[in-house]
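Visitor: Could you take me through one part of this protein up close? I'd like to look at a single strand and whatever it pairs with or packs against.

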Amino acid sequence: MRLFEETLSIPINSIPRGNTSETFTLEMKNVPWSIPGASFSSQEGILDLDIARTEYEIIVKGFLEADFTVECARCLAPVVFPVTAEIERMYSWNPDMLSDPEVEPVSHNDGTVCILHPVREAIIFSLPAMPLCTEKCRGLCPRCGINRNLEECEHDFEA
Ligand SMILES: [Zn+2]
Ligand SMILES: [Zn+2]
């Protein structure tokens, strides 16, 4: 199989009938992740795919492993999270299947199956809603704004 990193899509004509498994090493900077509040922090990501192709369907299962950086919800320091983002999607040519919101159309425009959207969703789902640099993070002083993990200030902070 081939994989276009710039769109995270697989040309249909490179997907054989039956079951295919392949592991790709992604150059993370080539992929347009655009995930709000997070950026990739590993140079490479592992994309492991199991693809089953039948006459009318292509079923894509797999996962992406990579590190992403987000801000600590309390002190805004960057925090790295190793992410395993799992996907499972069905793509179909059959118009009757497409009324199911879980089923994506196979694009005839460019002849590819695009997995960027599901992988991006899975990454967002895998990241914590309230990321913390440490459980004990003391956050920023609400009055003067210093990082209370690093410095003391004269303002008493009551939780
Ligand atoms: Zn923090
Ligand atoms: Zn203060």
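Guide: Along the sequence the pattern runs β-β-β-β-β-β-β-β-α, so you have 8 strands and 1 helix, with helices (H or I, at least four residues) and strands (E, at least two) taken as DSSP runs numbered from the N terminus. Bear in mind that this is a predicted model, where local features need pLDDT of at least 70 and side-chain atom pairs count only at pLDDT 80 or more, while totals for chains, interfaces and linings use all residues. Residues are numbered from 1 along each chain as its sequence is written, and chains are lettered from A and ligands numbered from 1 in the order in which they are written.

Let's settle on strand S5 (57-71). For pairing, DSSP has to find at least two bridges between two strands. S5 pairs with S6 in the antiparallel sense over 15 bridges, and one of the matched pairs is isoleucine 59 with methionine 90 in S6. The S5 and S6 hairpin leaves 6 residues between the strands, and there leucine 76 has a positive phi near 70 degrees. S4 pairs with S5 too, antiparallel over 8 bridges; here aspartate 48 sits opposite phenylalanine 63 of S5. That pair of strands is also a hairpin, with 3 residues between S4 and S5. Then there's strand S3 (residues 38-40), antiparallel to S5 over 3 bridges, with alanine 38 facing valine 70.

Now the packing. The largest nonpolar core (buried Ala, Val, Leu, Ile, Met, Phe, Trp, Tyr and Cys residues joined through C-beta atoms within 7 Å) holds 19 residues, and Val60, Leu64, Val119 and Ile123 have the most contacts inside it. Two or more residues each come from strand S4 (44-53), S5, strand S6 (78-92) and helix H1 (116-126), and S5 gives the most, with 4 residues. Buried means 20 or more other C-beta atoms within 10 Å of a residue's own, with C-beta atoms placed from the backbone. Leaving out residues up to four places away in sequence, isoleucine 123 touches Ile35, Leu64, Phe68, Val83 and Ala85; contact here is C-beta atoms, placed from the backbone, within 7 Å.

Zooming out, 15% of the 159 residues count as buried. The radius of gyration, taken over C-alpha atoms, is 21 Å, whereas a compact globule of 159 residues would come out near 15 Å by the rule of 2.2 Å times the number of residues to the power 0.38. The C-alpha atoms fill a box of roughly 70 × 30 × 25 Å along the principal axes.

How values were computed. Buried ≥ 20, exposed ≤ 12 C-beta atoms within 10 Å, placed from the backbone. Contact = placed C-beta atoms within 7 Å.
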